[in-house]
Amino acid sequence: MSRLPARRLVAAVRGWRGFSVCKSCALRRFSIQPAQQKKIPNRYLGQPSPFTHPHLLKPGEVTPGLSQVEYALRRHKLMALIQKEAHGWDGLDHTVILLSNPTYYMSNDIPYVFHQDTNFLYLCGFQEPDSILVLQSIPGKALPSHKSILFVPRRDPSRELWDGPRSGTDGAIALTGVDEAYTIEEFRHLVAKLKGESNIVWYDLTKPVHTELHSDYMQPLAEIKARNKNHIQGIRHLVQNLRLIKSPAEIERMKIAGRVTAEAFIETMFASKSPVDEAFLYAKFEFECRARGADILAYPPVVAGGNRSNTLHYVKNNQLIKEETFPLALSVLEAGMLADLEMICRDRHTKDMTGCFWQKEASFVVLSSKDGELVLLDGGCESSCYVSDITRTWPVNGRFTKPQAELYQAVLDIQKSCLSLCSPGMSLENIYSLMLSLIGQKLKELGILKNSITESHFFKAVRKYCPHHVGHYLGMDVHDTPDISRSLPLQPGMVITIEPGIYIPEDDVSAPERFRGIGVRIEDDVVITEDAPLILSADCPKEIYHMEQICGRSS
């Protein structure tokens with residue numbers, strides 16, 4: 001391919017864009033392979049780099065475990081999807097625009113910890129606020145050929161003194177491998193070139209993630225293009241289609257998040273000696289995640305003791321989880337032999353004689369049983385941009401009572417059946433239907449639903465005791481790719497959760513008294529493969545015996 005001399009090429013690009021461009025950017029070949037890797041600046045950037053954080057990133061990685069080539073391939077795939085969507089729009093240029101998140105503030109000038117918009121992050125790995133990613137088709141070349149451009153905050157020593165270092169244009173190119181980078185103020189020059197009818201703009205107009213950048217640049221552009229009948233096209237659904245199928249590198253990141261969370265669960269179970277505050281278990285869980293390398297928790301965890309586990313999104317986490325002693329005085333004749341005492345303990349809903357105490361007082365035996373509340377913990381961590389989402393339910397005093405064990409084992413059996421269906425061709429909706437049927441069957445066996453219930457009322461009654469779905473997609477977000485239908489057949493590379501539950505509120509007079517106030521949910525993270533499903537949370541115990549062993553360990 002012939003090339004313009006460097007001086008003429010730079011001039012041509014300057015004339016087309018309306019602003020200057022570096023010589024090396026102009027000379028680049030635009031493809032899924034980044035150009036010859038530029039040296040990372042020998043300074044701190046706005047995020048970890050292989051130079052400043054060699055313990056986290058290898059050379060060529062943008063974020064831990066994900067290389068410049070991986071991010072470039074994602075952009076290439078997105079432009080290939082646009083090529084399919086744009087069938088019949090021959091001769092038009094295409095420009096994709098994604099905004100970063102802004103900085104959000106707790107009050108005045110106190111910011112929240114910054115968290116990047118995941119669609120923006122997925123395509124470039126850049127983790128600074130107030131930035132814009134642009135993917136542009138190249139005149140004279142067919143899609144998916146394109147150039148990638150980042151508009152980033154300008155280096156500003158006065159602001160960096162307070163907020164920390166910024167990557168700048170040179171750092172953005174060297175770290176992410178995009179083709180070009182400019183300061184955010186220069187974005188207006190590009191917007192001016194997009195107003196014509198020959199350019200199709202792809203942008204998430206209905207749900208802008210950065211209100212200021214949207215109102216300054218994109219809203220006026222959208223109004224102009226609407227008047228010209230050249231409406232802006234949505235991009236969100238295309239990015240989500242890409243995010244739905246995880247690459248091997250992404251699955252490795254999610255394995256790490258699953259392992260870290262499983263280990264944090266084990267330590268939190270071990271620490272839950274009654275009485276214990278929900279806030280302590282919250283803090284313990286977060287500490288154990290972060291001590292193992294997690295960046296943050298993936299979401300505010302549910303740490304719910306007793307009846308509070310029947311509130312699905314209980315996040316106050318400020319109550320005491322306790323055990324209760326039930327005194328019972330019986331005549332010696334009524335108590336009889338030791339075996340009879342064990343039977344009485346079982347009738348008091350304890351699993352065995354552990355936790356039962358008695359002493360002879362004249363002609364009476366004073367019997368007491370210590371029953372602990374269950375604690376339901378729904379938590380996960382974020383590690384290198386990918387999250388986990390696990391739920392376990394265990395007894396705060398280390399021993400399940402008989403009704404607790406019955407209800408827990410029912411949910412565990414249901415969950416195992418649902419996990420066995422996690423294979424290509426099935427869908428979350430298919431598994432959900434099975435879950436409802438299995439829950440109904442178990443509720444009948446436990447006496448919570450009557451066997452005589454009519455088919456027309458069956459599923460309504462089941463949904464009363466399990467009002468949520470069987471699961472959701474998982475990835476960079478906890479409820480990942482939310483616009484993707486759960487009726488879509490599962491494919492290898494998808495990651496989902498499986499989380500059946502049964503919840504019996506303490507004021508449910510229609511349920512047997514022994515089950516009232518008990519809520520159980522068990523949740524695992526699952527990778528769909530061609531063969532058996534890969535359980536990312538397999539290291540997190542869920543069998544009754546194993547959980548009692550951990551909770552009963554001496555400190």
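Two strands count as paired if DSSP finds at least two bridges between them. The views below are close-ups of a predicted model.

**View 1. Strands E7 and E8 pair in the parallel sense.** Four bridges connect strand E7 (residues 146-152) with E8. One partnership places Val152 opposite Thr183 of E8. Strand E8 spans residues 180-183 and is covered on both faces. Glu180 and Tyr182 are buried on one side, while Ala181 and Thr183 are buried on the other. In a regular strand the side chains alternate between the two faces of the sheet.

**View 2. Three strands form an open antiparallel sheet in the order E11-E18-E19.** Strands E11 (296-297) and E19 (386-387) are at the edges and have a single partner strand each, so one side of each lacks a neighbour in the sheet. Strand E18 (residues 381-383) is joined to E19 by two bridges, and the two strands run antiparallel. Ser383 has Tyr386 of E19 as its bridge partner.

**View 3. The largest nonpolar core has 71 residues.** Leu407, Met435, Ile448, Ile496, Ile498 and Ile502 are the residues that touch the most other members. Helix H14 (residues 402-419) makes the biggest contribution to this core, with nine residues. A second, separate core holds 46 residues, among them Ala181, Leu238, Tyr299 and Leu474. In soluble globular proteins, nonpolar side chains tend to be buried together.

**View 4. The surroundings of Ile496 are shown, without its neighbours within four places in sequence.** Contacts of Ile496 include Cys422, Leu428, Leu474, Leu490, Val526 and Ile528. His472, Tyr473, Asp524 and Asp525 are also in contact with Ile496.

**View 5. A salt bridge joins Arg308 and Glu278.** The closest N and O atoms of the two residues are 2.6 Å apart. Arg308 belongs to the loop between strand E12 (302-305) and strand E13 (320-321), whereas Glu278 belongs to helix H11 (residues 278-291), so the pair ties together parts that are 30 residues apart in sequence. Buried means under 20% relative accessible area. Arg308 therefore counts as buried at 19% relative accessibility, and Glu278 counts as buried at 0%.

**View 6. Helix H11 carries salt bridges between residues four apart, including Lys284 with Glu288.** In the salt bridge of Lys284 with Glu288, the closest N and O atoms are 2.7 Å apart. Lys284 and Glu288 are separated by about one helical turn because they are four residues apart in helix H11. Glu288 is buried, at a relative accessible area of 7%. Arg290 and Glu286 also meet through their side chains in a salt bridge, at 3.8 Å from N to O. This pair too is four residues apart in helix H11, which means a separation of about one helical turn. Arg290 is partly exposed, with a relative accessible area of 44%, and Glu286 is partly exposed, with 26%.

**View 7. A network of salt bridges links Arg243, Lys246, Asp477 and Asp480.** The count of salt bridges in the model comes to 26.

**View 8. Four residues form a nonpolar patch on the surface.** The patch consists of Tyr104, Met106, Ile110 and Tyr112, which together have about 450 Å² of accessible area. Met106 lies in strand E4 (residues 105-107). With 52% relative accessibility, Met106 counts as exposed.

Technical notes: Residues numbered from 1 in each chain as written. Predicted model: local features only at pLDDT ≥ 70, side-chain atom pairs only at ≥ 80, totals over all residues. Heavy atoms only, no water. Patch = residues over 30% accessible without salt bridge, like charges linked within 9 Å, V, L, I, M, F, W, Y side chains within 5 Å. Areas by Shrake-Rupley, 256 points an atom, 1.4 Å probe, with all protein chains shown as cover. Buried < 20%, exposed > 50% of the residue type's maximum accessible area, 1.4 Å probe, protein only. Core = buried A, V, L, I, M, F, W, Y, C linked by side-chain atoms within 4.5 Å. Contact = heavy atoms within 4.5 Å.
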